[in-house]
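Let's go through this one by asking how each label is earned. Have the sequence and the 3D view open as you read.

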Amino acid sequence: MAVHSGSGSSEKKSSNGVNELLAFNAENMQSNMKIIYYSRTFLSIIGGVVAGILGFTGLKGFVFYLLLMAFTSLGLVAKAKFSIHTYFDSWNRVLVDGFLGGLMSFVLFWTFAYDIAHIF
Amino acid sequence: MAVALTIGVFGALILFHAAYSTIQYKGLLKITEEEFLGPPLNVVIELVIGFLLCFWAALTVPGKFLSIHPHSEENRIVSLPANLDFMIFNHRGKVFPLEMDLKLKH
């Protein structure tokens with residue numbers, strides 16, 4: 001006889017159009033979102049430093065940021081072994097989440113690195 | 001985990017070294033009064049290597065993805081607790097469809 005105990009995971013129902021799961025493990029979902037957030041933030045910072053050292057100005061830098069985020073999304077999808085629905089409930093989360101927050105970190109470190117390498 | 005962290009730190013150090021090389025290069029350009037068209041080739045290579053190392057570390061260090069399926073193998077929470085006095089059965093689980101293939105995990 002088997003018994004379900006609810007001590008380890010909390011289950012949550014969600015039913016929007018994109019979602020296929022009736023209930024999923026919310027704690028693991030949050031942990032996955034945190035991983036995405038950390039990865040994107042760190043890569044935005046590194047990308048900002050690289051863009052500053054290379055001397056990008058203006059639009060080139062933002063195009064570099066878009067490319068960087070595209071690579072990051074690709075890397076995250078590869079990390080999830082291309083089966084997004086095992087780890088997340090919708091594609092938007094892994095592709096779009098953290099884009100704007102990363103943009104601000106990118107611009108900050110871009111200006112830092114540019115100033116350090118090219119102006120002082 | 002520690003390996004990935006050291007690789008990330010190493011990548012960051014390579015980036016700092018590339019920044020320092022660029023500063024030196026700009027100092028040289030000031031002496032010869034040329035324009036800055038782009039960092040020298042070895043700096044670009046260093047940047048690419050450092051960036052790739054940091055990229056790999058950024059995807060590996062934060063941790064592994066965990067499955068969110070409630071019924072996957074790694075999320076099994078079947079257990080027979082020693083003390084049955086506090087187990088309740090009158091919860092919202094009754095709205096789930098009835099599973100006829102539950103297995104005990106040894």
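Helices (H or I, at least four residues) and strands (E, at least two) are DSSP runs, numbered from the N terminus. This is a predicted model, where local features need pLDDT of at least 70 and side-chain atom pairs count only at pLDDT 80 or more, while totals for chains, interfaces and linings use all residues. Residues are numbered from 1 along each chain as its sequence is written, chains are lettered from A in the order in which they are written, and side-chain values use heavy atoms, with hydrogens and water left out.

Q: Where is G63(B) found, going by those runs?
A: G63(B) is in the segment after α2 (41–60) of chain B. Chain B has two helices and zero strands.

Q: What does G63(B) touch, beyond residues up to four places away in sequence?
A: With contact meaning heavy atoms within 4.5 Å, G63(B) touches I35(A) and K79(A). As for M1(B), it sits 62 residues from G63(B) in sequence and 8.1 Å away in space, C-alpha to C-alpha.

Q: Why is S39(A) called buried?
A: Buried means under 20% relative accessible area, exposed over 50%, and partly exposed in between (1.4 Å probe, protein chains only). S39(A) has 0% relative accessibility, so it counts as buried. This serine belongs to helix α1 of chain A. S39(A) touches L76(A), A58(B), L59(B) and P62(B), leaving aside residues up to four places away in sequence.

Q: How many residues count as buried in each chain, as a percentage?
A: In chain A, 46% of the 120 residues count as buried. For chain B, the share is 27% of 106 residues.

Q: What makes the pattern of chain A, read along the sequence?
A: Chain A has five helices and two strands, and they come in the order β-β-α-α-α-α-α.

Q: How do you know which parts of chain A deserve caution?
A: Look at pLDDT, the predictor's confidence in each residue, from 0 to 100. Chain A averages 79, and 82% of the residues score at least 70. Among its elements, strand β1 (residues 11–13) has the lowest mean, 51, and helix α2 (residues 59–79) the highest, 90. The value stays under 50 over residues 1–9 of chain A, where the model has 18 contacts beyond four places in sequence. It also stays under 50 over residues 13–19 of chain A, with 12 such contacts. Where pLDDT is low, the predicted coordinates should not be read in detail.

Q: What makes a pocket a pocket, and what lines the second largest one?
A: On a 1 Å grid over the protein atoms alone, a cavity is a set of points where a 1.4 Å probe fits but cannot get out, whereas a pocket is an open set with protein on both sides within 12 Å along at least five of seven lines; lining residues have an atom within 4 Å of a point. For the second largest pocket, the lining is V49(A), I53(A), F109(A), F112(A), A113(A), I116(A), A117(A), L15(B), F16(B) and A19(B). Two or more residues each come from α1 (26–54) and α5 (99–119) of chain A and from α1 (2–32) of chain B. The most come from α5(A), with five.

Q: Why does that lining count as nonpolar, polar or charged?
A: Ala, Val, Leu, Ile, Met, Phe, Trp, Tyr, Cys and Pro count as nonpolar, Asp, Glu, Lys and Arg as charged, and the others, Gly among them, as polar. The lining of the second largest pocket therefore divides into 10 nonpolar, no polar and no charged residues.
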